[in-house]
Amino acid sequence: MFNYIARRILQSIPILFIVLTLVFVIVRVLPGDPAVAALGDYASKEAVDALRAKMGLNAPLWLQYLRFLGDLCRGDLGVSAISGYPVGVQVARVLPHTLELTFCGICLGYLLGIPLGVLAAIRRNSFLDYFNRVFSLLGLSVPAFYLGILLILLFSIRFPLFPVVGAGDFSDPMENLRHLFLPAVTLGLLMTAYITRMTRSAILDTVREDYVRTAHAKGVSERVVLFKHVLRNALIPIVALGGLYAVVLIGSSVMVEIVFSRPGLGKLMVGAIKQRDYVTFQSVMVVYAVIVVLLNLATDLFYGVIDPRIKYR
């Protein structure tokens, strides 16, 4: 298994390298001058040139690129051009909040989506099936920020049960959970809608297989057929496509953090874009790329848990 994990990590390195290269290029082709953005439009030309030299923007592009890769290899994310603080310190402060939010949203999506999808499949064309189909369609159509605003209006303004601003303190678990509830439910409902739809389709496709009909012919109970033969095999496409949608969910977490004024990578990235702080922006994008690669790796490893035919070779 160790060799399998090592090989998958090595296979992810070229993808990560391409993403890092795209981030580096995109940041530098954006309109505007980072030095002017940092000093203001009325800064003197001498001050702007001095800051550009300090930031290394006067060097050739290939040299900037090599320095960028070298700093990443050393774990150095650079220094913010606006605040002057190390970007690594800022990322370390907000990263736990983003990971907490994303993890809870994904878990909530699977915990609710799989049972709802199974019920919709085994009771096909019933009221429950129609309700789940409409619910999943709405969940896939409603943007994350709009759903977050609706939850704020209902559970923070109409019924003041949960706070809106901030993320709480990890030293106080109950307060942290109160701040986490609405943002996690926002992402979790979006994930639930997708998983529900995928589970229903996967179950309906699996029940038509020959081995399911054989199990019924042998007199195996419906419960055993459903959980041992149908659901376990249907989990393979559910986990595969659910892992892909989880990447989309990470992007949705950016808007959720802004709507709930929650500290996180998304809010840090948006602030860097507004201030034209390209060092912070590209560093946050690097962290997002690493999270996506690790998420895909975890999805591949989970295949062996749900399907013993998959060997780590």
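**Fold.** I began with the secondary structure of the protein chain, which in this predicted model comes to 12 helices and 0 strands. Reading along the sequence, I noted the pattern as α-α-α-α-α-α-α-α-α-α-α-α.

**Extent and contacts.** I then took the principal axes and found that the C-alpha atoms of the protein chain fill a box of roughly 85 × 55 × 35 Å. For the contacts in the protein chain with a separation of 6 or more, I recorded that residues 24 or more positions apart account for 73%.

**Surface and charge.** I looked up the accessible surface of the protein chain, which comes to about 17200 Å², with 69% of that area belonging to carbon and sulfur atoms. Of the 313 residues, 42% count as buried. I also listed the charged side chains, finding 29 positive and 19 negative ones, and the centres of the two sets lie 8 Å apart.

**Cores.** Which residues have the most contacts inside the largest nonpolar core? I found Met191, Ile203 and Leu249 in that role, in a core of 36 residues. The elements that give two or more residues to this core are α5 (87–122), α7 (144–158), α8 (173–206), α9 (210–217) and α10 (222–259), and the largest share, 13 residues, comes from α8. I followed Ile203 further and, not counting residues up to four places away in sequence, I noted that Ile203 touches Val118, Ala121, Val230, Leu231 and Ala234. There is also a second, separate core of 20 residues, and I wrote down Val23, Val94, Val284 and Val287 as being among its members. As a general remark for this page, nonpolar side chains in soluble globular proteins tend to be buried together.

**Ser253.** I turned next to a serine, Ser253, which lies in helix α10. Is Ser253 buried or exposed? I count Ser253 as buried because its relative accessible area is 0%, where the cut-off for buried is under 20%. Leaving out residues up to four places away in sequence, I found that Ser253 touches Leu101, Thr102, Leu187 and Tyr288.

**Asn176.** My last entry concerns Asn176, which is found in helix α8. The relative accessible area of Asn176 is 6%, so I entered this residue as buried too. What is Asn176 in contact with, once its neighbours within four places in sequence are left aside? I listed Glu100, Ala167, Gly168, Asp169 and Phe170 as the residues that Asn176 contacts.

Key
Residues are numbered from 1 along each chain as its sequence is written. This is a predicted model: local features need pLDDT of at least 70, side-chain atom pairs count only at pLDDT 80 or more; totals for chains, interfaces and linings use all residues. Side-chain values use heavy atoms; hydrogens and water are left out. A nonpolar core is a set of buried Ala, Val, Leu, Ile, Met, Phe, Trp, Tyr and Cys residues joined through side-chain atoms within 4.5 Å. Buried means under 20% relative accessible area, exposed over 50%, partly exposed in between (1.4 Å probe, protein chains only). Helices (H or I, at least four residues) and strands (E, at least two) are DSSP runs, numbered from the N terminus. Contact means heavy atoms within 4.5 Å. Accessible areas come from the Shrake-Rupley method with a 1.4 Å probe; for residues, only the protein chains shown count as cover. Lys and Arg count as positive and Asp and Glu as negative; His and the chain ends are not counted. The place of a charge is taken as NZ of Lys, CZ of Arg, CG of Asp or CD of Glu.
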